[in-house]
Amino acid sequence: MPFLNRLQRWADERPDGTAVVVAGQRLSWAGLRDAAAALVPAAPAVTVLSENNSTHFAVVFAAAVAGERQCAVLDPAWPKQLQDGIVERIGQATPAVPRPAAGPVPAAGVRVPGAELIDGTPATPFLIGLTSGTTSVPKAFTRSRRSWRQSFDASIEFFGLTAEDKTLAPGPLAASLNLYALAECLYAGAEFHTLENFDVGAAHAAVSHDGITRLVLVPTMLRLLSERGLTGGVDASGIRSIICAGSKLDTRTLEAARRWAPNATIFEYYGASELSFVSGAGLRLGEPAEPGGTGIGKPFPGVEIRILDDAGTGLPDGSDGNICVRSGMVSNGYLWGDDGQALRCFDGWFTVGDQGYLSGGTLHMLGRRSDMIITAGTNVYPHEVELALASVPGVAAAVAAGMADDLRGQRVVAGVVPSHGAVTGTQLKAGIEDVLARNKRPMEYFALTELPLTDRGKISRQLLLDWVDRNDPRIRRLA
């Protein structure tokens with residue numbers, strides 16, 4: 001049971017209460033239940049859902065996972081050719097799931113036999129998840145109904161979600177962070193809000209006028225909302241919790257969020273689509289954050305963490321290795337695209353290849369092994385260099401990479417986007433002296449007019465190296 005039994009309960013107990021709001025369009029609990037139930041008799045064994053944020057999205061998603069059905073959520077921005085290829089693969093990879101013959105479609109507000117929203121058996125898959133990608137077919141994995149129910153129970157306990165909360169997730173529902181937030185709210189009986197498209201003004205209006213108590217978003221969105229909210233005098237004192245995923249919060253974003261939403265506990269966590277939640281921490285008002293730190297909290301409820309080497313042998317506290325987890329929230333594995341490395345299992349301990357270490361029960365996240373820089377025999381993860389630089393006053397964002405070096409193999413170089421005015425190499429060096437070990441510090445610094453990003457908005461360390469190599473005008477060497 002992911003959430004349909006709960007949806008039925010809330011619709012019975014408070015039919016006129018608000019369940020979902022998208023750009024001002026409201027769905028009540030009974031309205032959502034009845035609209036989804038109307039689609040159930042004709043719903044296919046596998047629904048491919050590819051559309052922008054809307055109340056219709058929520059209705060189709062609920063109907064698509066009824067009974068033993070499955071749903072694959074695609075990014076509507078992906079090219080048609082890519083989406084067609086995914087649909088074809090889904091047809092080849094998923095067996096036909098029996099469903100009742102199509103019956104009458106009820107009129108609005110009318111419930112008829114055979115059109116109930118019923119959860120399938122816990123062990124059955126219901127969601128086909130897809131890794132992001134534009135140039136090749138993404139990997140596909142499945143999640144069972146039981147795994148999401150356990151994820152809901154863990155996240156509700158950890159984040160303190162209640163039925164009185166009003167959650168705003170301003171990003172696309174096609175992204176797993178926001179899709180999960182929608183389903184989690186349906187499970188918990190809490191109001192869920194989103195926008196048609198991310199817009200700072202629309203998000204601020206929701207916070208000001210809709211009584212939002214909880215934000216679920218990525219760090220870049222949090223920084224925009226916080227900094228512009230402070231400038232525009234947007235009152236965020238009613239927000240009690242902020243849940244951030246995607247990357248560890250840098251100092252500037254954290255400080256801005258604390259000032260803008262002074263009563264909020266700010267949660268950051270580590271997880272992966274294939275693993276679900278792994279570890280997290282909540283920073284409450286007045287609690288100091290570790291500048292440039294890599295710590296990402298303690299294990300989620302129901303999760304065990306170990307650091308293992310490539311042979312599956314446990315490593316002691318403080319030693320880098322594969323972050324491996326054991327929990328009931330792990331996915332079923334891949335439908336396609338499994339190269340044996342993306343999701344590995346060591347006797348029941350699963351890893352997606354992220355590297356880190358444990359210290360006093362706290363997980364420290366270092367990044368992917370493929371990003372690792374080896375300089376004069378020292379392993380350096382760009383992520384820890386970037387976090388250290390982002391804690392320096394005057395730095396808005398940072399990116400680090402390994403440049404070929406005849407003597408050292410590679411040398412660490414870094415680019416920073418100043419937050420205001422200019423920043424010097426001397427300031428950067430002094431700013432990370434107490435944060436980063438000497439043999440991990442960059443040997444060269446560059447000022448950037450913008451971050452080197454891929455077409456999908458992700459940092460590209462290779463592009464930074466390309467800019468350096470060709471003296472790109474967006475980059476300037478710092479003394």
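# Salt bridges, a sheet and some odd loops

Guide: Asp405, Arg408, Arg411, Glu444 and Arg477 are linked in a network of salt bridges. Keep in mind that this is a predicted model.

Visitor: Which residue forms a salt bridge with Glu444, and which strands do the two lie in?

Guide: The closest N and O atoms of this pair are 2.9 Å apart, inside the 4 Å limit for a salt bridge. Glutamate 444 counts as buried, at 18% relative accessibility. The pair ties together parts that are 33 residues apart in sequence, because glutamate 444 sits in S25 (residues 444-448) and its partner in S24 (residues 409-418). So the partner is arginine 411, and the strands are S25 and S24.

Visitor: How many salt bridges turn up in a search of the whole structure?

Guide: One of them joins the side chains of arginine 33 and aspartate 34, at 3.0 Å from N to O. A search of the whole structure gives a total of 20.

Visitor: Are arginine 33 and aspartate 34 buried or exposed?

Guide: The cut-off for buried is under 20% relative accessible area. Arginine 33 has 7%, and aspartate 34 has 12%. Both values fall under the cut-off, so arginine 33 and aspartate 34 are buried.

Visitor: What about arginine 470 and aspartate 472: which one is buried and which one partly exposed?

Guide: These two form a salt bridge, with the closest N and O atoms 3.5 Å apart. Arginine 470 has a relative accessible area of 48%, so it falls in the partly exposed range of 20% to 50%. At 6%, the buried one is aspartate 472.

Visitor: On to the sheet S3-S4-S5-S6-S16: which strands stand at the edges?

Guide: This is an open sheet of 5 strands with mixed pairing. An edge strand here has a single partner strand, so one side of it is left without a neighbour in the sheet. On average, neighbouring strands are turned by 30° against each other, direction ignored. The edges are strand S3 (46-49) and strand S16 (333-336).

Visitor: In S16, which residue is the bridge partner of phenylalanine 141?

Guide: Strand S6 (residues 140-144) pairs with S16 in the antiparallel sense, over 3 bridges. In S16, the partner of phenylalanine 141 is tyrosine 334.

Visitor: Which strands does helix H5 touch?

Guide: Helix H5 (residues 145-159) packs on the sheet. Its direction makes about 70° with that of S6. The strands it touches are S5 (125-130) and S6.

Visitor: How are H5 and H6 oriented to each other?

Guide: H5 and helix H6 (residues 176-188) pack with their axes 10 Å apart. The residues meeting across them include Trp148, Phe152 and Phe159 in H5 and Leu179, Tyr180 and Tyr187 in H6. The angle is about 85°, and 65 to 115 degrees counts as roughly perpendicular. H5 and H6 are therefore roughly perpendicular.

Visitor: How many disulfides does a search of the whole structure find?

Guide: The sulfur of cysteine 244, a buried residue at 1% relative accessibility, is 16 Å from the closest cysteine sulfur, in cysteine 185. Cysteine 345, partly exposed at 42%, has its closest cysteine sulfur 8.8 Å away, in cysteine 324. Both distances are too far for a bond. The number of disulfides found is 0.

Visitor: Where does serine 460 lie, and which residues does it touch?

Guide: Serine 460 is in the loop between S25 and helix H12 (461-469). At 15% relative accessibility, this serine counts as buried. Not counting residues up to four places away in sequence, serine 460 touches Pro452, Leu453 and Thr454.

Visitor: What is phi of alanine 23, and where does the residue lie?

Guide: Most residues other than glycine have a negative phi. Alanine 23 has a positive value. This alanine counts as partly exposed, at 42% relative accessibility, and lies in the loop between strand S1 (18-22) and strand S2 (25-28). Its phi is near 50°.

Visitor: Is alanine 376 buried or exposed?

Guide: Alanine 376 also has a positive phi, near 50°. It lies in the loop between strand S21 (373-375) and strand S22 (378-380). Its relative accessibility is 60%, and over 50% counts as exposed. So alanine 376 is exposed.

Conventions: Residues are numbered from 1 along each chain as its sequence is written. This is a predicted model: local features need pLDDT of at least 70, side-chain atom pairs count only at pLDDT 80 or more; totals for chains, interfaces and linings use all residues. Side-chain values use heavy atoms; hydrogens and water are left out. Buried means under 20% relative accessible area, exposed over 50%, partly exposed in between (1.4 Å probe, protein chains only). Helices (H or I, at least four residues) and strands (E, at least two) are DSSP runs, numbered from the N terminus. Two strands pair if DSSP finds at least two bridges between them. Axes are lines fitted to C-alpha atoms, for helices over the stretch in contact, and angles run from 0 to 180 degrees between N-to-C directions. Contact means heavy atoms within 4.5 Å. A disulfide is a pair of cysteine sulfur atoms within 2.5 Å. Angles under 35 degrees count as roughly parallel, over 145 as roughly antiparallel, 65 to 115 as roughly perpendicular and the rest as oblique.
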